[in-house]
Amino acid sequence: MTKCDVAIIGAGPYGLSATAHLRTVNGLDVHTFGEPMSFWEDKMPVGMLLRSGWAATHIADPNQSLTLEAFRAASCIHFSSPVPLDRFVDYGHWYQRQAVPGLDRRKIARVESDEKGFRLILHEGETVLARRLVVAAGISSFAWRPPQFAGLPSSLASHTSEHREFKRFAGKQVLVIGSGQSALESAALLHESGAEVEIVARTRRIRWLGGLVSKAIHNGLGSRVSKLLYAPTDVGPAGISQIVARPDLVRRLPRSIQDWLRSRSIRPAGARWLVERLKTVPMSLDRSIVSATPVGERIRVQLDDGSLRTIDHVFLGTGYKVDVSKYEFLDPKLAQSISRFQGFPRLSEGFETSVSRLHFLGAPAIWSFGPLMQFVVGTHYASRALLRYIAAKATGQRVQLREPLVAELG
């Protein structure tokens, strides 16, 4: 039986960054499992552009050397912001080769609690015993389908994460549900692939990032005022951006204020470069779906205004709902023992759950540490906080790291 001090499940930005940081602790045996950048490579569409700005798209590393600039120089491939998806995936693979060369790509079938830690059972049957477990498994397990589409085959209705390319929808009538980046960008890519597209959303208007207020602050009031109101983390509107850039502060605020900050920072919105690409795509706003019924090889959708659409396919740009019990590798008994709120684990210092020595990074940490944890930029805080906590437990010494996060990115 293989043993290690820390096992990390997940090899996306959070898993890779956490591994790179923890491996700086002398004598700490860290074993990381996962396919590098698999969600970004398999669940996001070809031609996508990252919504986050350049400064907010670096994956954190302990020496602050594995940046997009460093990758661009090493690869001799020029690209800029907005960062193309394929370049970001290449960057993640490059980061993995530099910082986490010993990645274990085998899949975890089940994780069980053990009196000495956690027992990881691999698909091949081998068992790994870890004293501490860090779950950085991403959001793929949380894709949300509205109940109106429950039971419908994927040939008629599918989540946006189920598609990499859209050529097969050329000449088809497609309804896209949602008003966030995923829905809007999928609609643009479908339209550009030759599909006949309509967007349906509950919102009364599409929120476009970088609007008049943002432009006035950035361009009209000067860089000094802009930096006072907007953190380089690129999450949240003016003023709020500076607060959510400091997760240590956010987690100490009253619950009602934390919830308000989260709702203001991660509302459905689209990047402004999509406006021109969607100018001829019809949008039915302030509308919701009442029912969806198969009609032969097509699907009939009824809206709340009584109107009907009979189309070839429905794209569900309906986002993700975190519920850590949906991670299939977690033993149900272990999952149920984790204190949660609406699926989110309640996390304390070091991203530790109510189950001792079990940690969650990424989107599951939003409820405890704020909206920054939904984005790549959150790796800068999360990896350092995890390192600080685990190093103190392992060696009894507190790790000194530069603070605050916004100073590192600025």
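The paragraphs below go through two helix packings and two sheets of this predicted model.

Two packed helices are described by the angle between their axes and the distance between the axes. For helix H1 (residues 13–22) and helix H14 (residues 379–395), the axes come within 9 Å and cross at roughly 40°, and H1 and H14 are therefore oblique to each other. The crossing in which H1 passes H14 is right-handed. On the H1 side the contact is made by Pro-13, Tyr-14, Ser-17, Ala-18, His-21 and Leu-22, while H14 brings Thr-379, Ala-382, Ser-383, Arg-384, Leu-386, Leu-387 and Ile-390. Sorted by character, the residues of this contact between H1 and H14 divide into eight nonpolar, four polar and one charged.

Helix H1 also packs on helix H4 (residues 85–99), at an angle of about 25° and with the axes 10 Å apart, which makes H1 roughly parallel to H4. Here H1 passes H4 in a left-handed crossing. The residues that meet are Pro-13, Leu-16, Ser-17 and Ala-20 in H1 and Phe-88, Gly-92, Tyr-95, Gln-96 and Ala-99 in H4, and the residues of this contact divide into six nonpolar, three polar and no charged. Pro-13 and Ser-17 of H1 are thus listed in the contact with H14 and also in the contact with H4.

From the helices the path leads to the sheets. Strands of a sheet pair through backbone hydrogen bonds, either parallel or antiparallel. One open sheet has five strands in the order E6-E13-E7-E8-E9, with parallel pairing. Strand E6 (157–159) and strand E9 (283–285) stand at its edges, and each has a single partner strand, so one side of each is left without a neighbour in the sheet. Neighbouring strands of this five-stranded sheet are turned by 20° against each other on average, direction ignored. At the E9 edge, strand E8 (residues 196–201) runs parallel to E9 and is joined to it by three bridges, and Val-200 has Ser-284 in E9 as its bridge partner.

Another open sheet has three strands in the order E10-E11-E12, and its pairing is antiparallel. Its edges are strand E10 (289–295) and strand E12 (308–311), each with a single partner strand, so that one side of each is left without a neighbour in the sheet. In this sheet, too, neighbouring strands are turned by 20° against each other on average, direction ignored. Strand E11 (residues 298–303) pairs with E12 in the antiparallel sense over four bridges, and the bridge partner of Ile-299 is Ile-311 in E12.

Technical notes. Residues are numbered from 1 along each chain as its sequence is written. This is a predicted model: local features need pLDDT of at least 70, side-chain atom pairs count only at pLDDT 80 or more; totals for chains, interfaces and linings use all residues. Side-chain values use heavy atoms; hydrogens and water are left out. Axes are lines fitted to C-alpha atoms, for helices over the stretch in contact, and angles run from 0 to 180 degrees between N-to-C directions. Helices (H or I, at least four residues) and strands (E, at least two) are DSSP runs, numbered from the N terminus. Angles under 35 degrees count as roughly parallel, over 145 as roughly antiparallel, 65 to 115 as roughly perpendicular and the rest as oblique. A crossing is left-handed if the near helix is turned anticlockwise from the far one by less than a right angle, and right-handed if clockwise. Contact means heavy atoms within 4.5 Å. Ala, Val, Leu, Ile, Met, Phe, Trp, Tyr, Cys and Pro count as nonpolar, Asp, Glu, Lys and Arg as charged, and the others, Gly among them, as polar. Two strands pair if DSSP finds at least two bridges between them.
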